[in-house]
Amino acid sequence: MIFIKNPVQIQKMRDAGKVLYEVLQRIVSQVKPGITTKELDIFAENLIRKANAIPSFLGYMGFPASICTSINQQVVHGIPSHDVVLNEGDIISIDCGVILDGWQSDSAITVGVGKISAEAEKLIKVTEECFFAGVRQAVLGKRLGDLGEAIQNHAEKNGFYVIKNYTGHGIGKDMHEEPSVYNYRTNRRGIRFMKNMTLAVEPMIAIGTSETKVLNDEWTVETTDGSLCSHYEHTILINDGLPELLSYPGFTWKEDA
Ligand code: MG
Ligand code: MG
């Protein structure tokens, strides 16, 4: 069942999104060669709790941390560790979720560690463009399938692949609500976007494959060919016009893009 939010609930999700945006920005500012992913996780948890929010990932299905840190060929769900040190040239996806006053926000960003290759830079840029190409379709009168198609088209136009085993999702009181938000074309057009529906849209784009495997830790997802993968996510609100990005306060759409 899809839960349409009322204005009070939307404001709570907007407040949660603002906390999450600030937390993610500050985690990103800590990313540098030599830092461990566990240090980033501890930093994140402290910031979240200081904002009177709850780290939604911690304990979710047994996940042991407040952020997912997925490096290079890792797609999602990387576990922060004292043993994982960031190196110059790595790319890292930081995925984080918070609950504020009972309402969720979920967002992820991929950044480079120090200087990265031109190919890695392009992958990160194209993944963000895929997100925005998809979200531009999330308007009344269109369907979920239009969003997935736009993401896949933009990835393929740039010679990249959409990861298919993982999707975006509805979000609200729960982190994962209906519907699933596919990042690719399917043979169904999907449901129509509805006003005040809230979704987490999160394309995962890889250089060489759509296929993934899960490591022995039962969490970390990697590309099967070991190629780099990038991930970008925001929690969005379906509006009369283009969506509001609840986890990106202050963002405005450019008319011409
Ligand atoms: Mg996420
Ligand atoms: Mg998500």
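The exercises below deal with two magnesium sites and a small sheet in a predicted model.

Residues are numbered from 1 along each chain as its sequence is written, while chains are lettered from A and ligands numbered from 1 in the order in which they are written. In this predicted model local features need pLDDT of at least 70, side-chain atom pairs count only at pLDDT 80 or more, and totals for chains, interfaces and linings use all residues; side-chain values use heavy atoms, with hydrogens and water left out.

**Exercise 1.** Identify the protein donors of the magnesium ion (ligand 2) and place D106 and H169 in the chain.

Step 1. Donors are N, O and S atoms within 2.8 Å of the metal (3.2 Å for Na, K and Ca); water is not among the atoms, so sites may look incomplete.

Step 2. At 2.1 to 2.2 Å from the ion (ligand 2) lie D106 (OD), H169 (NE2), E202 (OE) and E233 (OE). Their spacing along the chain is D-x62-H-x32-E-x30-E.

Step 3. D106 belongs to strand β5 (residues 103-112) and H169 to strand β7 (residues 168-170), so this pair, 63 residues apart, links distant parts of the chain.

Step 4. Helices (H or I, at least four residues) and strands (E, at least two) are DSSP runs, numbered from the N terminus.

Step 5. D106 counts as buried because its relative accessibility is 2%, and H169 counts as buried at 5%. Buried means under 20% relative accessible area, exposed over 50%, partly exposed in between (1.4 Å probe, protein chains only).

**Exercise 2.** Describe the site of the magnesium ion (ligand 1) and its link to ligand 2.

Step 1. Coordination of ligand 1 comes from D95 (OD), listed twice, D106 (OD) and E233 (OE), at 2.0 to 2.6 Å. The donor residues follow the spacing D-x10-D-x126-E.

Step 2. D95 sits in strand β4 (residues 91-100) and E233 in the loop between β13 and β14 (234-237), so the pair ties together parts 138 residues apart in sequence. Both residues are buried.

Step 3. The two magnesium ions lie 3.2 Å apart, bridged by D106.

**Exercise 3.** Work out the strand order of the open three-stranded sheet and name its edge strands.

Step 1. Two strands pair if DSSP finds at least two bridges between them.

Step 2. The order is β6-β10-β13, with antiparallel pairing. Pairing on one side only marks β6 (161-162) and β13 (229-231) as the edge strands.

Step 3. Two bridges join β6 to β10 (residues 204-206). V162 stands opposite I205 in β10.
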